[in-house]
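The following exercises are to be worked through with the sequence and the three-dimensional structure at hand. Each task is followed by a solution in steps.

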Amino acid sequence: MSEAVHPVDEILPAPKLAVLGLQHVLVMYAGAVAVPLIIGRALKLPPQDVAFLISADLFACGLATLAQCLGFFGVGIRLPVMMGVTFASVGPMLSMAASPEIGLLGIYGSVIAAGIFGIIVAPFVSRLLPLFPPVVTGTIILIIGISLMRVGINWAGGGIPFLTQTIDGKVVQVANPNYGQLQGLGISLFVMLVVLGLIKWGKGFLANVAVLLGIIAGAVLATFLGIMHFEKVAAASWFDVILPFHFGMPTFHLVPIITMCIVMVVVMIESVGMFLALSDITGKPVDQKALTKGLRADGVGTFLGGIFNTFPYTSFSQNVGLVGVTGVRSRWVTVTGGAIMLGLGLLPKMAALVEAVPQVVLGGAGLVMFGMVAATGARILTGVDFKTNRFNLFIVAVSVGFGMIPLVSPNFFKNLPHELHPLLESGILLCAIVAVLLNVFFNGVKQTSTEEIVAAAKQAEAH
C-alpha cells in the first residue's frame with residue numbers, strides 16, 4: 001500500500017492551480033513592484049527603465065519562487081512559498097543610489113555578492129533551529145502578523161498616511177489627502193465582507209478562492225466608481241525580453257557588499273520565522289536540513305536578482321497568511337504562481353492590468369489574511385507552558401514590546417549608528433533576537449527544541 005501524499009505535495013487539477021496561483025500573485029503584487037519603483041525613482045531613471053525594472057522584478061520573482069517550491073540540488077524548502085524583493089534592502093540601496101560612484105551597477109554587484117554569501121552561510125543559520133522552541137516561534141509569528149497589519153491597514157486607507165515633500169528646500173512630511181477617503185474605506189469593507197461571506201457560506205473550491213473572488217468583486221466595484229483605470233494597460237507593450245545585465249556589468253565595492261550581506265542575514269533570520277509559520281500552518285515538519293535548503297534558496301534568488309537587474313529576495317509573509325485563510329497547502333499552487341509571475345515579467349500589458357487594481361481593493365483582503373498570521377502565532381503560544389514556567393510570560397511580553405518599536409516609533413533608534421539601521425528597522429528581527437536571547441537566559445538551550453517544533457507541526461496536521 002503506497003504512502004499517502006502529504007497535502008503540501010498534492011498536485012491539484014490544472015484549472016484550480018491556475019486560479020489559486022493567480023490569487024497568490026494578486027496578494028503579493030503590490031509589495032513585489034514597490035521596491036523597483038522606489039529605487040528607480042531614487043536613481044531618477046527614465047520611465048521606460050523603471051518599467052523594465054518592474055518587469056525584471058516580476059520575472060526574477062518567478063524564478064526565485066520556482067527554485068524555492070520545486071527545489072533542486074539542495075535548494076528549496078518545497079513549501080507553498082512566494083518569493084519577492086525584501087523591504088529590508090530598501091534603506092541601504094537608497095544610500096547606495098545617492099552615491100554617484102556606486103549607483104545602480106554598484107547595487108547589483110552588492111546584491112550578487114550577498115546572494116553568494118547567503119548560499120554559503122545557509123547551513124550555519126539553519127543550525128539555529130534549537131534556539132526556536134514554540135515560545136519563540138509563536139512570538140515571532142505573532143509579530144509577523146502584527147507587522148503585516150500595518151500594510152493591510154495602509155492598503156485599506158489607499159496608500160500611506162504621510163507623503164514626503166520638499167518645501168522651501170526642506171524635506172517635510174505632509175498628510176496624504178487621498179488617505180482614508182470614505183469611498184476607499186467602503187470598497188475595502190465591501191471586499192472584506194465578500195471574503196468573509198464566501199469563507200462562511202462557500203463550499204469547497206469556492207471557499208478556497210474567497211480572497212481572489214473578493215478582489216475581483218472589489219475591482220469591478222472600483223471600476224464602476226471610476227477608481228480603477230486602464231490607461232497604463234492600453235499603453236503597455238505585449239511582450240518584453242528580460243536579459244541579464246541589461247544596464248551593464250555590475251561593479252563591486254567593499255562597503256556596499258558588507259552592508260548587503262548584513263541585510264542578507266536579516267532576511268534569512270526573518271525567513272526562519274516564515275518557514276516555521278508555514279510548517280505549523282501546513283502540518284509539514286521542518287528540520288535543519290529543510291531549513292538549510294530554504295535559506296539557500298533565498299541566496300540563490302538574491303543571486304539571480306542581481307544577474308537579472310533586480311534586488312534581494314525573501315519569502316513573502318503576505319502569502320503565508322493566504323495559506324492560512326484558504327487552507328490550501330499544496331506547494332504546486334505557488335509553483336503555478338511563480339510561473340504566472342514569470343509570464344507577467346515577459347508580458348508587460350498583463351502586468352499593467354494586475355497593477356491597475358487599487359490598493360483599497362487589496363486592503364479588505366489584507367486585513368483578513370494578515371490577521372490570520374497573527375492568529376497562528378497566538379495558537380502556537382496556547383501550547384506553551386505559562387502555568388508552571390512563569391519565565392515564558394516575560395519572554396513573550398518583552399519580545400512583543402521590542403517588535404513593536406519600529407511600528408510605533410520609526411525614529412526610536414535614529415541616534416544610533418546608521419550602519420545598524422538595517423538590523424533595527426525590522427520589528428520581526430528585533431522580536432526574534434530578543435525572544436531567542438531571553439529564552440536562552442531563562443530556559444537555556446534544550447536539544448529537544450527541534451523535536452518539539454516537529455511534534456507541534458504533527459499536532460497541527462492532526463487538527
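**Exercise 1. Determine which residues Thr334 touches, not counting residues up to four places away in sequence, and whether Thr334 is buried or exposed.**

Step 1. With contact taken as heavy atoms within 4.5 Å, Thr334 touches His24, Thr65, Cys69, Leu79, Pro80, Val81 and Met82.

Step 2. The model is a predicted one, in which local features need pLDDT of at least 70 and side-chain atom pairs count only at pLDDT 80 or more, while totals for chains, interfaces and linings use all residues. Residues are numbered from 1 along each chain as its sequence is written, and side-chain values use heavy atoms, with hydrogens and water left out.

Step 3. Thr334 belongs to helix α13 (residues 331-346); helices (H or I, at least four residues) and strands (E, at least two) are DSSP runs numbered from the N terminus.

Step 4. The relative accessible area of Thr334 is 0%, so this residue counts as buried. The classes are buried under 20% relative accessible area, exposed over 50% and partly exposed in between, with a 1.4 Å probe and protein chains only.

Step 5. Leu17 is 317 residues from Thr334 along the chain, yet their C-alpha atoms are separated by 8.5 Å.

**Exercise 2. State how many disulfides are counted, and explain why Cys69 forms no such bond with the closest cysteine sulfur.**

Step 1. A disulfide is a covalent bond between the sulfur atoms of two cysteines. The criterion applied here is a pair of cysteine sulfur atoms within 2.5 Å.

Step 2. For the sulfur of Cys69, the closest cysteine sulfur is that of Cys61, at 12 Å, which is too far for a bond.

Step 3. The count by this rule is zero disulfides.

Step 4. As to accessibility, Cys69 is buried at 0%, and Cys431 is buried at 0%.

**Exercise 3. Describe how helix α5 and helix α10 pack.**

Step 1. Two packed helices are described by the angle between their axes and the distance between the axes. Axes are lines fitted to C-alpha atoms, for helices over the stretch in contact, and angles run from 0 to 180 degrees between N-to-C directions.

Step 2. Helix α5 (residues 134-157) and helix α10 (residues 254-282) have axes 9 Å apart, at an angle of about 100°. Helix α5 is therefore roughly perpendicular to α10, given that 65 to 115 degrees counts as roughly perpendicular, under 35 as roughly parallel, over 145 as roughly antiparallel and the rest as oblique.

Step 3. On the α5 side the contact involves Thr137, Ile140, Ile141 and Ile144, which meet Gly273, Met274, Leu276 and Ala277 of α10.

Step 4. Sorted by class, this contact of α5 with α10 comprises six nonpolar, two polar and no charged residues. Nonpolar covers Ala, Val, Leu, Ile, Met, Phe, Trp, Tyr, Cys and Pro, charged covers Asp, Glu, Lys and Arg, and the others, Gly among them, are polar.

**Exercise 4. Establish how many aromatic pairs the whole structure holds and which residues the ring pairs link into a cluster.**

Step 1. Rings of Phe, Tyr and Trp (its six-membered ring) pair if their centres lie within 6.5 Å; planes under 30 degrees apart are stacked, over 60 edge-to-face and the rest tilted.

Step 2. Searching the whole structure yields nine aromatic pairs. Among them is the edge-to-face pair of Phe412 and Phe413, at 5.0 Å centre to centre with 80° between the planes.

Step 3. Phe413 is buried, at a relative accessible area of 17%.

Step 4. The cluster linked by ring pairs consists of Phe52, Tyr108, Phe247 and Phe311.

**Exercise 5. For Phe245 and Asn309, give phi and the loop in which each lies.**

Step 1. Phe245, a residue other than glycine, has a positive phi near 55°. Phe245 lies in the loop between α9 (231-235) and α10 and is partly exposed at 30% relative accessibility.

Step 2. Asn309 is likewise not a glycine and has a positive phi of about 70°. The loop that holds Asn309 runs between α11 (288-307) and β4 (313-315), and Asn309 is buried at 1%.
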